[in-house]
Amino acid sequence: MEHSKQTQYSSNEKKDTGDGGSVLNGHFDGMVKRPAGGTARAAAAPQAPGAESGSHRAATSVMESWKEERTRSVEDNEMSLPSLAAAYTTILRGLGEDPQRQGLLKTPWRAATAMQFFTKGYQEKIIDVLNDAIFDEDHDEMVIVKDIDMFSMCEHHLVPIFGRVHIGYLPNKRVLGLSKLARIVEIYSRRLQVQERLTKQIAVAITEALQPTGVGVVIEATHMCMVMRGVQKMNSKTVTSTMLGVFREDPKTRDEFLTLIRS
Ligand SMILES: [Zn+2]
């Protein structure tokens with residue numbers, strides 16, 4: 001993606017920080033500041049009709065729902081590794097291979113361990129990421145983190161989906177530590193997924209955590225199940241978006257978000 005002259009950090013430049021994602025927010029000159037009385041701000045009243053019901057849910061019930069989130073422990077991984085490896089041995093045989101030939105001897109264990117890593121999002125809870133990362137802040141300009149690298153697994157074919165996630169939100173007195181947006185992406189993407197659900201889960205998590213005026217999430221991804229089989233379109237990308245609150249209701253806010261993530 002081409003970089004504009006404004007201050008931006010791409011995930012590639014920031015690899016060493018551990019948390020991918022470029023950052024744009026209202027502090028940067030001219031990027032997202034609206035003229036006083038801009039319509040987006042006006043439409044940003046918390047009680048805007050048609051606002052997503054999720055943002056009105058009591059914080060406590062949200063916390064409860066996250067606590068109940070299904071998780072997998074490190075012990076679970078150790079316990080299930082032998083049976084997972086055995087399953088991969090069966091797969092090798094089923095493919096007509098000889099699991100005893102030298103190159104494949106350790107493959108079932110490697111594959112099982114790798115698959116556990118690819119789905120490590122089951123080992124983490126959103127609630128743990130948000131702890132100590134939500135701040136009271138009077139900032140009311142759009143916050144955007146774009147180009148967050150994403151690696152997931154298609155739940156229909158168990159092959160990779162990979163791409164980039166762009167997130168924007170309009171705070172309502174609360175902001176989230178910027179690196180945490182990438183962590184939310186990581187937790188939900190490292191599970192068996194469909195892109196549509198992944199997009200929505202990220203948007204809903206941010207909505208429930210911050211109750212912002214609005215949230216937008218856009219994912220551009222390549223599905224190996226599409227690229228390697230079926231239509232075999234090498235460069236086809238699937239784009240999904242979820243717009244909540246003012247991002248859904250106000251075309252200007254949505255356009256501003258979409259323009260900024262494409263810049
Ligand atoms: Zn698939």
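Biologist: How many other C-beta atoms lie within 10 Å of Ser80?

Modeller: There are 14 other C-beta atoms within 10 Å of Ser80, so Ser80 is partly exposed. That class falls between the cut-offs of 20 or more for buried and 12 or fewer for exposed. Bear in mind that this is a predicted model.

Biologist: Where is the place of Ser80?

Modeller: Ser80 belongs to helix H3. A kink of about 45 degrees lies at Ser80, shortly before the proline Pro82. Across the fold, Ser80 and Ala112 are 32 residues apart in sequence, and their C-alpha atoms are 9.1 Å apart in space.

Biologist: What should the 21 residues of helix H3 span?

Modeller: One reckons 1.5 Å a residue and compares the result with the end C-alpha atoms. Helix H3, residues 74-94, should span 30 Å, and its end C-alpha atoms are 29 Å apart, which agrees. After H3 comes Gly96, whose phi is positive, near 90 degrees.

Biologist: What does the same reckoning give for the 12 residues of helix H6?

Modeller: Helix H6, residues 178-189, should span 16 Å, and its end C-alpha atoms are 18 Å apart, which agrees.

Biologist: How many of the residues of H6 are buried?

Modeller: For a whole helix, count its buried residues. In H6, 10 of the 12 residues are buried, so this helix is largely enclosed by the rest of the structure. Among the buried residues are Lys180, Arg183, Ile184, Val185, Glu186 and Tyr188. The cover over the buried residues of H6 includes helix H5 (126-130), E3, E4, strand E5 (174-176), E6 and H7.

Biologist: Which residues touch the most other members of the largest nonpolar core?

Modeller: That core has 43 residues, and Val165, Ile184, Val185, Ile202, Ile206 and Val217 touch the most other members. Helix H7, residues 195-210, gives the most to this core, with eight residues. To see one member at work, list its contacts. Leaving out residues up to four places away in sequence, Ile202 touches Val165, Ile167, Ile184, Val185, Tyr188 and Val217.

Biologist: Which strands does E3 pair with, and in what sense?

Modeller: For a strand, look at its partners and the direction of each. E3 and strand E4 (residues 160-170) pair in the antiparallel sense over nine bridges, with Phe151 standing opposite Phe162 in E4. The hairpin of E3 and E4 has five residues between the strands, and Leu158 there takes a positive phi near 55 degrees. E3 and strand E6 (residues 192-193) run parallel and are joined by two bridges; Cys154 stands opposite Gln193 in E6. Strand E3, residues 143-154, is mostly covered, with nine of its 12 residues buried.

Biologist: How many helices and strands are there in the protein?

Modeller: The protein has 10 helices and eight strands. Of its 263 residues, 35% are buried. Contacts can also be sorted by distance along the chain. Among contacts with a separation of 6 or more, 74% are between residues 24 or more positions apart.

Biologist: What is the mean pLDDT of the protein?

Modeller: The mean pLDDT is 80, and 72% of the residues reach 70 or more. Over residues 1-59 the pLDDT is below 50, and this stretch has 90 contacts in the model beyond near neighbours in sequence. Predicted coordinates should not be read in detail where pLDDT is low.

Definitions and conventions
Residues are numbered from 1 along each chain as its sequence is written. This is a predicted model: local features need pLDDT of at least 70, side-chain atom pairs count only at pLDDT 80 or more; totals for chains, interfaces and linings use all residues. A nonpolar core is a set of buried Ala, Val, Leu, Ile, Met, Phe, Trp, Tyr and Cys residues joined through C-beta atoms within 7 Å. Helices (H or I, at least four residues) and strands (E, at least two) are DSSP runs, numbered from the N terminus. Two residues are in contact if their C-beta atoms, placed from the backbone, lie within 7 Å. The expected span of a helix is 1.5 Å times one less than its number of residues. The bend at a residue is the angle between axes fitted to the seven residues ending there and the seven starting there. pLDDT is the predictor's confidence in each residue, from 0 to 100. Two strands pair if DSSP finds at least two bridges between them.
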